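Take a look at the chain below. This report starts with its overall dimensions and then moves to single residues.

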Amino acid sequence: MAPSVFEGEAFSSLSFSGETIASVRYISCRFRGCDFSECLFTGAQFEACSFDFCHLNGTRWENCRICNGSFSGSSFFGASFSGCRCTGTDFSGADVTALSFSQCRLDYVLLTGCDLRRCDLRGCDLSHADLSSCNLEKALLCGCRMHGAVLRECGLQGADLRGADTTGCDLKSAHLQKTHLDIRQAAQLAASLGAIVE
C-alpha cells in the first residue's frame with residue numbers, strides 16, 4: 001500500500017493526468033515538469049512544496065491545504081480552488097488564466113503580476129496578500145477580507161470591492177477607474193488623499 005505521507009521527495013516529468021489525489025500529505029517535496037491536467041485534489045496537503053513548470057490545467061482543488069508553496073512557470077488554465085487554505089503560497093510567475101477561487105484562505109499569498117481579470121474571489125481571505133501589479137479588472141471581490149493587502153499598481157478597473165474589508169490597504173496606489181466601492185471604502189480613499197470626511 002502506497003504511503004500517505006511523502007517528505008523531501010522529488011518528482012520529475014511524471015503524468016498524473018485525470019487522477020484523484022485524496023488525503024495525501026506532501027512535505028517539502030518538489031514537482032518539476034509533471035502533468036496534473038484535469039486532476040481532482042481533495043483533502044490533500046502540500047506543505048512547503050514547489051511545482052515548477054507543471055501542467056495544472058483544469059485541476060480541481062477541494063478542501064486542500066497548500067501552504068508556503070510555489071508554482072513557478074506552471075499553468076492553471078481553467079483550474080478551480082474551493083475551500084482551500086493557500087497561506088503564504090507564491091502564484092506569481094504562473095499562468096492563472098481563468099483560475100477561480102471560492103471561499104479560500106489566500107492570506108499572505110503572492111499574486112504579483114498575475115492576470116486575474118474577471119476572477120470571482122467573493123468571500124476569500126486576502127489579508128496581507130501581495131497583489132502588486134496584479135490585473136483584477138472586473139474581478140468580484142465582494143465580502144473579501146483584504147486587511148493589509150498590498151495594492152501597489154494593482155489593476156482594479158471595473159472591479160467590485162463592495163463589502164470587502166480594505167482596512168490597512170493603500171487604495172490610492174491602485175488603478176481604480178470605474179471601480180465599485182461602498183461608502184466606507186470611498187471615505188477611506190478620500191481620507192488617504194487628504195480630504196476631510198464629515
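With 198 residues, a compact globule would have a radius of gyration near 16 Å, and the chain agrees with this at 18 Å. That radius is taken over C-alpha atoms, and the globule rule is 2.2 Å times the number of residues to the power 0.38. The C-alpha atoms fill a box of roughly 65 × 25 × 20 Å along the principal axes.

The model is predicted: local features need pLDDT of at least 70, side-chain atom pairs count only at pLDDT 80 or more, and totals for chains, interfaces and linings use all residues. Residues are numbered from 1 along each chain as its sequence is written, and side-chain values use heavy atoms, with hydrogens and water left out.

**The whole chain**

The chain has one helix and 12 strands. Both kinds of element are DSSP runs, numbered from the N terminus: helices are H or I with at least four residues, and strands are E with at least two. Read from the N terminus, the order is β-β-β-β-β-β-β-β-β-β-β-β-α.

Contact means heavy atoms within 4.5 Å. Take the contacts between residues at least 6 apart in sequence: 0% of them join residues at least 24 apart.

Buried residues make up 43% of the 198 residues. Buried means under 20% relative accessible area, exposed means over 50%, and partly exposed is in between (1.4 Å probe, protein chains only). The accessible surface comes to about 9,200 Å², and 49% of it belongs to carbon and sulfur atoms. Such areas come from the Shrake-Rupley method with a 1.4 Å probe; for residues, only the protein chains shown count as cover.

The chain has 17 positive and 22 negative charges, and their mean positions are 4 Å apart. Lys and Arg count as positive, Asp and Glu as negative; His and the chain ends are not counted. Each charge is placed at NZ of Lys, CZ of Arg, CG of Asp or CD of Glu.

**Two residues in loops**

Where is Thr59 found? Thr59 sits in the loop between β8 and β9. Its relative accessibility is 0%, so Thr59 counts as buried. A polar atom of the Thr59 side chain lies 2.7 Å from the backbone oxygen of Leu56. Leaving out residues up to four places away in sequence, Thr59 touches Phe36, Glu38, Cys39, Phe41, Phe76, Ala79 and Ser80.

Gly18 belongs to the loop between β2 (10–12) and β3 (20–22). Gly18 is exposed, because its relative accessible area is 51%. Gly18 and Glu38 are 20 residues apart in sequence, but 4.8 Å apart in space, C-alpha to C-alpha. With residues up to four places away not counted, Gly18 touches Ser37, Glu38 and Cys39.

**Positive phi values**

Most residues other than glycine have a negative phi. The table lists two residues that are not glycine and have a positive phi.

| Residue | Phi | Loop | Relative accessible area |
|---|---|---|---|
| Phe53 | near 55 degrees | between β8 (50–52) and β9 (60–62) | 47%, partly exposed |
| Lys138 | about 60 degrees | between β12 (100–102) and α1 (183–192) | 41%, partly exposed |

**The ends of the helix**

What caps the N-terminal end of α1? Asp182 does: one of its side-chain oxygens lies 3.3 Å from the backbone nitrogen of Arg184. This is a polar contact, a pair of N or O atoms within 3.5 Å; within protein, one must be able to donate a hydrogen and the other to accept it, and residues adjacent in sequence count only if both atoms are side-chain atoms. Gly194 follows α1, and its phi is positive, near 95 degrees.
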